[in-house]
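Please look at the sequence and the structure together before reading on. The paragraphs after them go from the whole chain to its helix pairs and then to single residues.

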Amino acid sequence: MVRRIAAAALGIALLALCYQAAFAAAPPKKYDGPQRITRMDGKVHEGTVEVDPSGDKFVIRPTKFPDMTITLKKREILKIEAIANAPAANKPDTAKDRPSAEDEPKLDAGAYLLTDEQIAEILRGIEIDPGSLSETGDPEASLPVNEESVTEMMRIAGAGAEAKRLETDHFVFVYTSGMPLAKKLAATLEGVYRWNVWLLKQTNMPYQQPDYKLEVYFFGKHEEYARYQNLLGQEDSVGVLGFYRPDMNRSAFFDMDTWPPVKQRREQADNPSTPPNERRRIKNLLKKWFDWKNLEVVQHEAAHHIHFNVGVFAREVFTRNPGALPRWTVEGLATMFELPPTTDLGAALGAINHQRVKEFREFFGKDGSRLPPMRDFVLDDMIFLRGGGTFYPLGWAMTQYLWNKKREEYARWLRALSEINDRETWDRTERQALFEDIFGEMNDEWVKKFVEYIDTITLQNSKLPVDLDQI
């Protein structure tokens, strides 16, 4: 462990020196022809490059995705080389060098997080125009760090491993994983942050700039994560794969490659006694599971973290009185950010989450015949809380329906909830009056239209994630 961390630290130092050398002189204002851009984290892009007039930002149009743009800051780039002068890509040129069809697939523990192209897919068409928001602050501004708080985080995380620190514009990570994995997580969360600023714009809600960078733990091992759960007095449940605590205003995640159920399957795949075909099957399915589950958990909890810090929901109100904010709304909105961004499914808010559709029909019936009394579900948080995970798909379905069929009313609903900052109580009668003033009476006809809308969704089994129990 010490040797590996020391090597990583040396590599970071060398990258920093290369970075200084690469940009010792002022960068040219124009790059002619295709370029190879090497980032500080080692990721490489190929495409055309334009330089912002300030000279501090570079806009890249990837060769393979010419309709996308990736914007990088100067400090994120190690070097830029013309393709003609760049070293040849490391691709096999002979049959001898090419991997055999019998080679087993390699499962990279970091591969299941967002790639830059996937992040670009999330952000395609989403432009943050600060002038269009009635905000207190700049959504593009880099936030300061609460040094005292982060020092405490470093002490807590460092009790079981060597903790390191990573900053982005809106987040500060205390991590015990490898740096590349932490940087991929950081890129994911920055994408979700920007996505949520777009949500504010769409609902005409003011952007409230957080006082400090949002604080996130990322543990390299599940046992470190479990130790932190125990420290907080939380139940050490193997099924809790990430969480956000509004009272502490921190999120926590871990490298899911070390999660016991995954670790067991990994050991089976690495066991020489396991047949080669079975090893390949396990590794392929594990990667597909990672592709979905890590994004689902990270993007859901990150959505909560951001919602309670940029003005979607009032964190101090929820911390003081969780019943002040309808749980189906808080959780339902977060489920809208779970969908892994792929080109065929799309990544815009409101895209169909087929896993949630499947769960809705399993729990409540395709015709909604097993739904709870919907007025009670909307007005009584205990129904949601007592149901555990059962009611998350219902929260998603309600939010999906309102977002797509009653967008203007849903925006009014969110604005109204965001303005109850000074409320000590929010009883059932008041909640019902507000809901029905905006959406109409929650009667049988209302529920019928809701169920009919969800029933129009064609469940695509090919879009469902891998079930870990089947691996």
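What follows is a guided reading of this predicted model.

It helps to begin with the chain as a whole. The protein chain holds 16 helices and 10 strands, and of its 471 residues, buried ones make up 51%. The surface that the chain exposes comes to about 22,300 Å², and carbon and sulfur atoms supply 50% of that area. How are the contacts spread along the sequence? Among contacts between residues at least 6 apart in sequence, 69% join residues at least 24 apart.

The next step is to see how particular helices meet. Two packed helices are described by the angle between their axes and the distance between the axes. Helix 6, which covers residues 260–270, packs against helix 7, residues 276–310, at an angle of about 150 degrees, and their axes are 8 Å apart. Angles over 145 degrees count as roughly antiparallel, and helix 6 and helix 7 are therefore roughly antiparallel to each other. The crossing in which helix 6 passes helix 7 is left-handed. On the side of helix 6, the contact is made by V262, R265, R266, Q268, A269 and D270, while helix 7 brings E278, R279, I282, K283, L286, W289 and F290. Sorted by character, the residues of this contact divide into 6 nonpolar, 1 polar and 6 charged.

One residue of this contact, Q268, can be followed individually. Q268 lies in helix 6 and, with a relative accessibility of 37%, counts as partly exposed. Once its neighbours within four places in sequence are left aside, Q268 is in contact with T274, E278 and I282. With one of these partners, E278, the separation is 10 residues along the chain and 9.1 Å between the C-alpha atoms.

A second helix pair is found further along the chain. Helix 9 and helix 13, the latter spanning residues 392–405, pack at an angle of about 80 degrees with their axes 8 Å apart. That angle makes helix 9 roughly perpendicular to helix 13, since angles of 65 to 115 degrees are counted in that way. In this contact, W328, E331, G332, L333 and T335 of helix 9 meet Y392, G395, W396, M398, T399 and L402 of helix 13. The residues involved divide into 6 nonpolar, 4 polar and 1 charged.

Why can helix 9 be called largely enclosed by the rest of the structure? The helix runs over residues 327–335, and 9 of its 9 residues are buried, so the description applies to the helix along its residues. The buried residues are R327, W328, T329, V330, E331, G332, L333, A334 and T335, and they include the charged residues R327 and E331.

R327 shows what this burial looks like for a single residue. R327 has its place in helix 9, and its relative accessible area is 15%, which means that R327 is buried under the cut-off of 20%. Not counting residues up to four places away in sequence, R327 touches F318, P322, G332, D381, F384 and L385. Between R327 and G395 there are 8.5 Å from C-alpha to C-alpha, although the two are 68 residues apart in sequence.

F363, in helix 10 (residues 354–364), is partly exposed, with a relative accessible area of 34%. If residues up to four places away in sequence are not counted, F363 touches R370, G389, T390 and P393. The C-alpha atoms of F363 and F391 are separated by 8.6 Å, and the two residues are 28 apart along the chain.

Two asparagines deserve a look for their backbone. Most residues other than glycine have a negative phi. N204, in contrast, has a positive phi near 55 degrees, and N249 likewise has a positive phi, of about 60 degrees, although it is not a glycine. Where do these residues lie? N204 is in the loop between helix 4 (179–202) and strand 8 (214–219), whereas N249 is in the loop between strand 9 (243–245) and strand 10 (250–254). As for their surroundings, N204 counts as exposed at 58% relative accessibility, while N249 is buried, with a relative accessible area of 14%.

Methods
Residues numbered from 1 in each chain as written. Predicted model: local features only at pLDDT ≥ 70, side-chain atom pairs only at ≥ 80, totals over all residues. Heavy atoms only, no water. Buried < 20%, exposed > 50% of the residue type's maximum accessible area, 1.4 Å probe, protein only. Helix = DSSP H or I, 4+ residues; strand = E, 2+ residues; numbered from the N terminus. Contact = heavy atoms within 4.5 Å. Areas by Shrake-Rupley, 256 points an atom, 1.4 Å probe, with all protein chains shown as cover. Axes fitted to C-alpha atoms, helices over the stretch in contact; angles between N-to-C directions. Parallel < 35°, antiparallel > 145°, perpendicular 65-115°, else oblique. Left-handed = near helix turned anticlockwise from the far one by under 90°.
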